[in-house]
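Hi there,

Here is the structure I promised to pass along. My notes on what turned up in it follow below.

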Amino acid sequence: MVVTAKASDGKEIGKVEKHYHPQATNCRDTKMKYGAQWKIANLRDTSFQPYKAKDETIEFELPQGVKAADVTVDLFYEAANPDNKYPIHSVTKKVSLDK
Amino acid sequence: MKGFRIVLVLLMIIALPLAASAQKAKTIDELAKMYDSSSCKSCHSEIYAAWEKSHHARPLMGVKGGLMLTPLALKKGEPGSTAFSEESPKKMTIKNFPCFKCHLPQAVISAEDSVAVELAEALIAKDSAKVAKLQITCVVCHNTKAIIHKRELGEPEKGVLYGKKDVASHGDKTYSKVKTSAIMKDSVFCGQCHGLGPNLEFDQPFQCANLYGSYLHAYIPAGGSRTCQECHMAKGDHLIAPNFNDDKQTSELYAKAIDFDVQAYAYEWLRKAATYVPKVVVNVKMKSNAGHRIPDG
């Protein structure tokens, strides 16, 4: 998931990435391995679990003089390599300090 | 006479393994022919067409035309090679491809090591057309993998297909009968390959799919009761989505599986007296309705 905040002029204010997937090593070193032939056992698992909610709160500080932003949250699936993306959800919200 | 009997017995002992060996495929073409399911197409055209687009029809091709077993075929020590690689493709055996356990189960029981050599050479030569001949065909699921209670029910019978119901007379020259599989409607059938976690039975373990493990240990305890087939093979769909070669369909499937809600607002946080920090807060709530972890395989 990538959360991006942009000022009204399009300038990026902030960007946060979150990765959801099981992470395995070969149990011989501490490096994460990719590919079944290298992996032996999961060390960490941040993936989506059945019926379990995953709640995230992301915060950005607005630079001086910026009173509004467009926030976009993109959730996508990557298969085989990070360049092979399948968009899942994309939501953009406008936020402002003006009441 | 006694001497003749001894010779006869010895000949039989020698001949039996030879006979068994003769039944095994020596080439990729022979193995493909042995498990060929093209005759299914004439009567089950819709199912066959869906299967042709599925990952089961290209189990050694990976995503979007990749040749996922190539690292195993590389020369030992070469960058990208694996613990299963050898000095030369000529030295490859069926045991050097433990991935066959699921990606080509028929090779484990029906192929000579020469098939492994031919595959290794094809992988190095990037001969996709040859590699593509090796498929998880109708016969693999509806015969080879159709029985798991082998001590009670025996091995799958030759010339018999297994399905959800008995068919006394099945109009196929090779498979003239269909018998009921005890497990074909159950998740455990898929779980044979879409696995439990590390494959520790090999001399060099590796970990591929954890999906059935996740189903058993996360989905079922959370109160889930649907089978793999209910979600992935609704109305007998043999595409068994996702099909990662179809971007749109894959995106839609995941969007359906994961609920997604985004709330965002801006405000000025009071850090200390008279010191305001303007902030944007984004709250994202996601929930998976799938019967297993996402991602998994």
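Between the chains, 50 residues of chain B are in contact with 44 residues of chain A, where contact means C-beta atoms, placed from the backbone, within 7 Å. This is a predicted model, so local features need pLDDT of at least 70 and side-chain atom pairs count only at pLDDT 80 or more, while totals for chains, interfaces and linings use all residues. Residues are numbered from 1 along each chain as its sequence is written, and chains are lettered from A and ligands numbered from 1 in the order in which they are written.

On the chain B side, β6(B) gives the most to the interface, with 12 residues (strands are DSSP runs of E, at least two residues, and helices runs of H or I, at least four, numbered from the N terminus). That side divides into 31 nonpolar, 12 polar and 7 charged residues; Ala, Val, Leu, Ile, Met, Phe, Trp, Tyr, Cys and Pro count as nonpolar, Asp, Glu, Lys and Arg as charged, and the others, Gly among them, as polar.

β6(B) also pairs with strand β5 (residues 53–61) of chain A, antiparallel and over 9 bridges (pairing takes at least two DSSP bridges). Within β6(B), V282(B) is the bridge partner of I58(A).

Now the inside. The largest nonpolar core has 49 residues, of which L69(B), A116(B) and L119(B) touch the most other members. Such a core joins buried Ala, Val, Leu, Ile, Met, Phe, Trp, Tyr and Cys residues through C-beta atoms within 7 Å, buried meaning 20 or more other C-beta atoms within 10 Å of a residue's own. Helix α7(B) supplies the largest share of this core, 7 residues.

Best wishes

Definitions and conventions. Buried ≥ 20, exposed ≤ 12 C-beta atoms within 10 Å, placed from the backbone. Contact = placed C-beta atoms within 7 Å.
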